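Okay, everybody, thanks for coming. Let me put the structure up on the screen, and then I'll walk you through it.

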Amino acid sequence: MATMKLGSKPEIFVLEDLTWRCTTELESDVVVEVGEMSFYLHKFPLLSRSGVLQRMISEYQPPVDGVGGGMCTLQLDDIPGGAKAFELAAKFCYDVKIELNALNVVCLRCAAEYLRMTDDYAEGNLITQAESFLADVLANWKDSIKALETCEGVLPTAEDLHLVSRCITALASKACASDAAAPLLARNASVAAADKDALWNGIRTGDTASSAAASAMDWWYEDVSFLSLPMFKRLIQAMEAKGMRAESIAGAIMFYAGRFLPGLKRNTSFSNALASYGADGGGGGGMSSRNVTPRAASVSAPSEGDQRYFLEEIVALLPTKKGVASTRFLLGMLRTAMLLHASPLCRENLERRIGAQLEDASLDDLLVPNLGYHVETLYDIDCVQRILDYFMSSTDGIGTGYTSPALAEDGGGAGAGSLGVPQGGTPSTALSPITMVAKLMDGYLAEVAPDTNLKLPKFQALAAVVPDYARPVDDGIYRAIDIYLKSHPWLSESEREQLCRLMNCQKLSLEACTHAAQNERLPLRVVVQVLFFEQLRLRTSIAGWFFVSENAAGGDGARPHPGGAIVPKGAAAAAVAASAQAEVDSDAEDDAPPEGKETITDVKERVSELEKECKSMKQEIRRLGKPPRRPWGLLTRKCGFGAKVQQAQPAMSGK
């Protein structure tokens with residue numbers, strides 16, 4: 001910390017109780033009272049340095065009754081900095097050695113202005129000395145932070161003298177200069193990491209450079225986190241005006257909020273957080289809500305109103321750019337806002353921000369407890385519904401990177417499949433956000449489904465927001481539906497069928513189909529659909545493998561299968577392409593038939609297992625007293641599970 005020494009004489013002041021006395025041979029002839037402190041001084045040193053004291057001494061009229069022994073008594077209760085600042089100013093008048101530093105220069109500068117200690121009364125007076133040292137203080141980051149903190153105690157005068165703005169400008173300039181160099185440092189770190197990718201004694205050295213680059217961007221977060229909210233806001237606004245990146249500003253705000261708001265942690269309640277401060281849950285010790293500071297919070301816990309004001313101000317201060325504030329932080333702020341009963345505008349702001357980047361959320365953070373006055377469900381389903389609606393309303397191809405299948409098809413290129421996925425089986429990069437959200441919501445529905453107070457319409461409304469094409473596989477929504485049916489056994493048959501319409505039976509995996517075929521909670525109509533689509537898929541796969549085998553044996557890739565079978569997409573299409581490539585490559589022709597035989601054997605085993613499952617299902621339905629004769633006859637005719645499958649087996653064995 002920078003210091004500056006003034007004066008040449010040794011210490012001549014002695015403190016006795018609340019009285020400062022000057023230990024010189026001359027008797028004191030003036031008493032200056034500052035608050036509860038009294039200073040017994042001499043007129044001449046004060047007259048030669050201070051215009052205010054000169055005027056007050058010349059205008060002083062002793063009391064008529066002679067109280068005070070004829071000594072001049074002056075009252076300076078409103079001097080900035082109080083008794084401590086006047087003590088330094090008095091020692092300067094006596095040329096006693098004093099030391100200026102970043103912690104006292106602001107108060108002393110304000111006191112010197114109040115006492116009018118200009119060069120008109122003495123050359124090199126206190127104002128000049130303090131201004132000279134302030135230039136050195138503002139050249140250093142740490143000293144500027146300390147000087148800005150001390151401005152709180154002398155705020156009106158410091159504002160009039162532009163000391164606050166000077167400190168903020170100096171801090172903002174230094175932080176922005178470092179922030180501008182951070183991307184270049186990060187690039188250099190990545191290059192250095194690539195150059196040092198080789199192992200040294202088995203240790204990779206590339207991570208050191210990247211960690212150094214990260215620390216170069218957030219080195220100032222902790223220093224500014226001890227400022228009061230008004231000072232912090234002004235500093236952030238000054239940094240924005242100077243062009244600091246939104247990522248750095250959001251990082252500083254998140255760090256600042258994390259120090260002050262104890263409820264941001266997932267497993268910390270508001271009452272526990274107050275207890276951790278060592279408070280009794282009182283009113284905050286008379287702290288003004290507009291001067292709340294994290295450093296003050298370590299002494300006495302702020303009131304709920306103070307924290308609510310703080311949270312609303314922080315939310316309004318966050319940059320509007322998407323992704324600069326983490327979704328976990330925003331969800332933590334939303335939980336705290338509900339806990340503190342923040343304004344509806346503040347909560348809506350947070351929900352919109354979360355909805356714009358919902359694909360980055362985690363399931364654990366999305367489980368927002370229901371803190372409303374009329375609690376029905378364990379978790380706040382309505383809040384998640386609004387967040388999901390905001391996500392869907394912002395999916396315009398620009399905000400979240402989502403593109404609807406229709407837009408993707410109109411835009412040219414490969415056409416989209418029936419599931420909104422381009423042909424070839426690989427999901428489009430543009431669909432990744434909505435696909436991630438669909439997976440997240442399936443997990444969320446499975447978590448809230450056991451709540452017996454969760455009504456069917458609300459469950460359906462939340463599940464229906466995500467479109468069908470956003471789910472490549474419907475195993476997640478099937479699991480959520482199954483849990484809901486298990487936790488709500490009183491649902492009628494029509495309600496169960498209505499609930500099951502949320503899933504697409506054609507998009508269930510083999511494991512999910514096997515589970516659904518044996519699930520007694522599902523309506524019979526749904527079980528029949530699952531079996532039908534699974535066997536239809538199996539027949540198509542078998543036909544595709546026959547076509548591949550014919551091509552491999554006959555050598556004519558363009559000849560269709562004699563039975564007119566349709567070649568499916570996906571795995572069978574990949575097999576056809578591999579077979580065609582094998583015909584071109586002479587070395588691969590001999591290897592194709594054995595691979596085809598092994599695959600057909602696997603399919604035959606799968607057919608056999610599925611037939612056994614169908615027989616067990618028929619027996620189970622008979623046991624439940626539901627006549628399966630006509631439905632199952634229709635099912636076997638449609639799926640070819642009679643003579644057609646039996647005819648296919650000798651054909652496969654003949655191959």
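Before anything else, one term: I'll say buried for under 20% relative accessible area, exposed for over 50%, and partly exposed for what's in between. With that in hand, look at Arg 116, which has 37% relative accessibility, so Arg 116 goes down as partly exposed. And keep in mind throughout that this is a predicted model.

While we're on Arg 116, let's check its backbone. Most residues other than glycine have a negative phi. Arg 116 isn't glycine, and yet its phi is positive, near 55 degrees. You'll find Arg 116 in the loop between α4 and α5, where α5 is 126–138. There's another case, Asp 17: again not a glycine, again a positive phi, about 55 degrees. Asp 17 is in the loop between β2 (13–16) and β3 (19–22). Is Asp 17 buried or exposed? At 75% relative accessibility, Asp 17 counts as exposed.

Okay, zooming out. The chain has 655 residues, and 43% of them are buried. In secondary structure, we have 30 helices and 9 strands. If you take contacts between residues at least 6 apart in sequence, 71% of those join residues at least 24 apart.

Now the sheet. There's an open sheet of 5 strands, and the order goes β2-β3-β5-β4-β6, with mixed pairing. Which strands stand at the edges? Those are β2 and β6, the latter at 72–75; each has a single partner strand, so one side of each has no neighbour in the sheet. From one strand to the next, the twist averages 20 degrees. Inside that sheet, β3 pairs with β5, residues 37–41, in the parallel sense, and 3 bridges hold that pairing. Thr 19, for instance, sits opposite Ser 38 in β5. Then helix α3 packs on the sheet: α3 touches β2, β3, β4 (30–34) and β5, and the direction of α3 makes about 10 degrees with that of β5.

Let's stay with α3, residues 82–93, because α3 also meets another helix. That's α4, residues 105–115: the two axes come within 9 Å and cross at roughly 70 degrees. That's inside the 65 to 115 window we call roughly perpendicular, so α3 and α4 are described that way. Who's touching whom? On the α3 side, Ala 85, Phe 86, Leu 88 and Ala 89; on the α4 side, Cys 107, Leu 108, Ala 111 and Leu 115. And what kind of residues are in that contact? The split is 8 nonpolar, no polar and no charged.

Charges do turn up elsewhere in α3, though. Glu 87 and Lys 91 form a salt bridge, 3.0 Å from N to O. Those two are 4 residues apart in α3, which means about one helical turn separates them. Here's one to look at on the screen: both Glu 87 and Lys 91 are buried. They also belong to a network of salt bridges that takes in Glu 11 and Lys 84 as well.

Over the whole model, the count comes to 26 salt bridges. Let me pick out a couple more. Arg 245 pairs with Asp 179, with the closest N and O atoms 3.1 Å apart. That one links distant parts of the chain: Arg 245 is in the loop between α11 (229–241) and α12 (246–260), Asp 179 is in helix α8 (residues 163–195), and they're 66 residues apart. Arg 245 is partly exposed, at 26% relative accessibility, whereas Asp 179 is buried, with a relative accessible area of 5%. The other one is Arg 21 with Glu 16, closest N and O atoms 3.4 Å apart. Here Arg 21 is partly exposed at 35%, and Glu 16 is partly exposed too, at 41%.

Last stop, strand β1, residues 3–6. In a regular strand, side chains alternate between the two faces of the sheet. In β1, Met 4 and Leu 6 point to one face and are buried, while Thr 3 and Lys 5 point to the other and are not. What does β1 pair with? Strand β7, residues 98–101, running antiparallel, with 4 bridges joining the two. One of the partners there: Lys 5 in β1 is matched by Glu 99 in β7.

That's my tour, so over to you.

Notes. Residues numbered from 1 in each chain as written. Predicted model: local features only at pLDDT ≥ 70, side-chain atom pairs only at ≥ 80, totals over all residues. Heavy atoms only, no water. Axes fitted to C-alpha atoms, helices over the stretch in contact; angles between N-to-C directions. Parallel < 35°, antiparallel > 145°, perpendicular 65-115°, else oblique. Contact = heavy atoms within 4.5 Å. Nonpolar A, V, L, I, M, F, W, Y, C, P; charged D, E, K, R; others polar. Buried < 20%, exposed > 50% of the residue type's maximum accessible area, 1.4 Å probe, protein only. Pairing = 2+ DSSP bridges. Salt bridge = Lys/Arg side-chain N within 4 Å of Asp/Glu carboxyl O.
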